[in-house]
Amino acid sequence: MRLLTYNIREGGVGRAEAIAEVITAARPDVVALQEARDPAVVERIATLGGFPFWGARRDHSTGFLSRAPVLKHEWRHPPRTRHALLEVALADGLPRLFVLHLRAWFSRWTEQRRAIELRGLLDGIRAQLVHEQHAFAFHVLAGDFNALAPGERFDPSPMPAWIRGMIWLSGRDIARSTIEMMRSDGYVDAWRTTHPDSEREPGYTFPVWSPHVRLDYVFTPTPYASRIAGCEVRRTPDAARTASDHFPLLVELTDT
């Protein structure tokens with residue numbers, strides 16, 4: 001299964017054709033969308049890209065497109081979360097997909113809020129696993145985490161002055177507790193699993209005009225790490241530089 005996660009910026013209004021071009025070029029089976037808050041735009045992208053299954057809800061950030069049959073999908077609001085967690089149950093044999101979008105901005109205080117928000121999301125997923133008696137043990141979390149991974153270099157100089165000021169006030173660096181929580185809870189980072197050298201292959205996804213931070217991730221439980229066959233930041237076609245402010249992340253997952 002080829003899974004693409006893509007923040008399409010502010011609903012994708014006026015850019016459906018460009019977004020569809022970027023998505024189609026990646027040849028994904030399933031797409032996890034963020035800032036997909038306009039169902040009409042998502043439907044248009046689905047039509048242009050040839051996706052028979054799609055889901056979006058007015059003023060909800062998370063959405064999806066799928067060529068694989070979808071058994072059900074549902075938005076959930078675990079405690080302390082800002083954007084709804086989208087759960088997509090795909091056809092038998094494919095992983096359960098959870099699409100998330102954590103709150104933005106770079107500071108120690110907002111990182112604390114993201115960590116609290118993620119804790120609610122992970123607890124909600126764990127509760128669902130127990131409720132369904134581990135029926136979907138193989139699952140993936142995909143989306144815009146708005147967070148940096150531990151140990152990765154961060155250069156704030158390309159950022160606006162007000163963000164640099166916020167970073168300076170919060171200790172001259174960005175806290176990394178959100179992604180560390182994913183690791184502590186037994187998940188592996190698809191990009192770093194396939195690209196272990198963070199200096200040579202930083203995997204920057206944002207912003208498209210000057211990529212210098214990695215905000216978009218796909219995670220799966222550690223026992224399924226061997227199913228990650230590849231991971232790529234999609235910077236082509238040319239439309240990728242105007243369709244959104246994020247580059248999409250493509251992950252290839254195997255059956256076994």
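Modeller: Before we talk about loops, note that helices (H or I, at least four residues) and strands (E, at least two) are DSSP runs, numbered from the N terminus; the model itself is predicted.

Biologist: Okay, so where does Arg-9 lie?

Modeller: Arg-9 sits in the loop between E1 and H1, and its phi is positive, about 60 degrees, although the residue is not a glycine.

Biologist: And which loop holds Arg-27?

Modeller: Arg-27 belongs to the loop between H1 and E2, with a positive phi of about 55 degrees, again without being a glycine. For context, most residues other than glycine have a negative phi.

Biologist: Is Arg-27 buried or exposed?

Modeller: Arg-27 has a relative accessible area of 55% and counts as exposed, while Arg-9, at 25%, is partly exposed.

Biologist: Switching topic, what is the strand order in the open sheet?

Modeller: The order is E3-E4-E2-E1-E12-E11, which makes 6 strands with mixed pairing. E3 (53–55) and E11 (228–233) stand at the edges with a single partner strand each, so one side of each lacks a neighbour in the sheet.

Biologist: How do E2 and E4 run, parallel or antiparallel?

Modeller: They run antiparallel and are joined by 4 bridges, and Val-31 stands opposite Leu-65 in E4.

Biologist: Which strands does H1 lie across?

Modeller: Helix H1 (residues 16–26) lies across E1, E2, E4 and E12, running at about 155 degrees to E1.

Biologist: Last one: what is the peptide bond from Thr-236 to Pro-237 like?

Modeller: That bond is cis, with omega near 0 degrees, and Pro-237 is placed in the loop between E11 and E12.

Conventions:
Residues numbered from 1 in each chain as written. Predicted model: local features only at pLDDT ≥ 70, side-chain atom pairs only at ≥ 80, totals over all residues. Heavy atoms only, no water. Pairing = 2+ DSSP bridges. Contact = heavy atoms within 4.5 Å. Axes fitted to C-alpha atoms, helices over the stretch in contact; angles between N-to-C directions. Buried < 20%, exposed > 50% of the residue type's maximum accessible area, 1.4 Å probe, protein only.
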